[in-house]
Amino acid sequence: MDFNGAVVLVTGANRGLGRAFARELVKQGAKVYAGARNPASVVDDGVIPVQLDVTDDASVAAAAKELGDVSIVINNAGVAIGGEDVDSIRTEFDVNFYGLVRTTDQFAPILKANGGGVLVNVLSVLSFIGWPGARGYAASKAAGWSLTQSTREALREQGTRVIAVHAGFIDTDMASGVDAPKIAPEDVVSQVLQAIRNGDDEVLADDLTRSVKAALAS
């Protein structure tokens, strides 16, 4: 797939992995909408800031009404609070799981109208395993993985490809306090764009994620 001329929405595009997606896609000639709660925080040349709060039904609906030419949606927005209390876990689910539901429901008809397109859900190695101190985040990503698989089947008939992206620690602000090997966000972006070109359903971005996924089948 040639990204030159493609029209892409990246959620959570003002920093971290989302920003890396937006920058690279602009380099490759795509028209890129950079979704963020505060569009003023989107500062890179060539991207189009869009107000988008994936926890707000009205915000997602307004974005979908405005962005009728989108052919690729990259659901990157995510949060890792790490709290063990119910409110923290609820917030993680509202972004990491229900955010996917909202964007999928609003943008799937647009993707269909534009020939099918691609939906990319950025998940985690914690989609596959639990993690002490991050039970809400892990559970929300596991739910997101299940949702992604169901979405893939639901949208297959309309010609929309659905890709799950799993990675361990990515070298962004979210993992700044983690002392462990990290993958560069640009590396993840490169793998995801190649998966779109190849027609793959899944990206296992690093050695940790590949080994954990392989262990599920053992």
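This report walks through a buried strand, its neighbours in the sheet, and two empty spaces in a predicted model.

## Strand β5, wrapped up on both sides

Let's start with β5, which covers residues 118–122. Five of its five residues are buried, so the strand is largely enclosed by the rest of the structure. In a regular strand, side chains take turns pointing to one face of the sheet and then the other. Here, Val 118, Val 120 and Val 122 sit on one side of β5, with Leu 119 and Asn 121 on the other, and both faces are covered.

Val 122 is worth a click in your viewer. Its relative accessible area is 9%, and because the cut-off for buried is under 20%, it counts as buried. Leaving out residues up to four places away in sequence, Val 122 touches Leu 17, Phe 21, Ile 74, Asn 75, Asn 76, Lys 141 and Val 165. You can also look across to Trp 145: it comes 23 residues from Val 122 along the chain, and the two C-alpha atoms are 9.2 Å apart.

## The strands alongside

On one pairing, β5 runs parallel to β4 (residues 72–75), and four bridges join them. To find your way around, use Asn 75, which stands opposite Asn 121 in β5, or Val 73, whose bridge partner in β5 is Leu 119. Strand β4 is covered on both faces too: Ile 72 and Ile 74 are buried on one side, and Val 73 and Asn 75 are buried on the other.

Strand β4 also pairs with β1 (residues 7–10), again in the parallel sense, over three bridges. In that pairing, Val 10 stands opposite Ile 74.

The other partner of β5 to look at is β6 (residues 161–166), which runs parallel to β5 and is joined to it by five bridges. Val 118 faces Arg 161 in that pair. To get from β5 to β6, the chain passes through helix α5 (residues 135–155), making a right-handed β-α-β crossover.

## One small closed space

Now for the gaps. Rolling a probe the size of a water molecule over the atoms shows where empty space remains. The structure has one cavity of 30 Å³ or more, and the volume of the largest cavity is about 40 Å³.

Which residues line the largest cavity? They are Thr 11, Val 54, Asn 75, Asn 76, Ala 77, Val 95, Gly 99, Leu 100 and Thr 103. Helix α4 (residues 98–113) gives the largest share of that lining, with three residues. By class, the lining has four nonpolar and five polar residues, with no charged ones. Asn 75 and Asn 76 are among the lining residues, and both also turn up among the contacts of Val 122.

## An open pocket with charged residues

The second largest pocket holds about 280 Å³ of space. Of the 17 residues that line it, Arg 19, Ala 20, Arg 23, Pro 185 and Glu 186 come closest to its centre. Helices α1 (16–27) and α6 (185–198) each supply at least two residues of the lining.

How many residues of each class line this second largest pocket? The lining has eight charged, five polar and four nonpolar residues. For comparison, the lining of the largest cavity has no charged residues.

Definitions and conventions: Residues numbered from 1 in each chain as written. Predicted model: local features only at pLDDT ≥ 70, side-chain atom pairs only at ≥ 80, totals over all residues. Heavy atoms only, no water. 1 Å grid on protein atoms, 1.4 Å probe; cavity = no way out; pocket = protein on both sides within 12 Å on 5 of 7 lines; lining within 4 Å. Points joined across faces, edges and corners; volume = space filled by probe spheres on them. Nonpolar A, V, L, I, M, F, W, Y, C, P; charged D, E, K, R; others polar. Buried < 20%, exposed > 50% of the residue type's maximum accessible area, 1.4 Å probe, protein only. Contact = heavy atoms within 4.5 Å. Pairing = 2+ DSSP bridges. Right-handed = clockwise from strand over helix to strand, strands pointing away.
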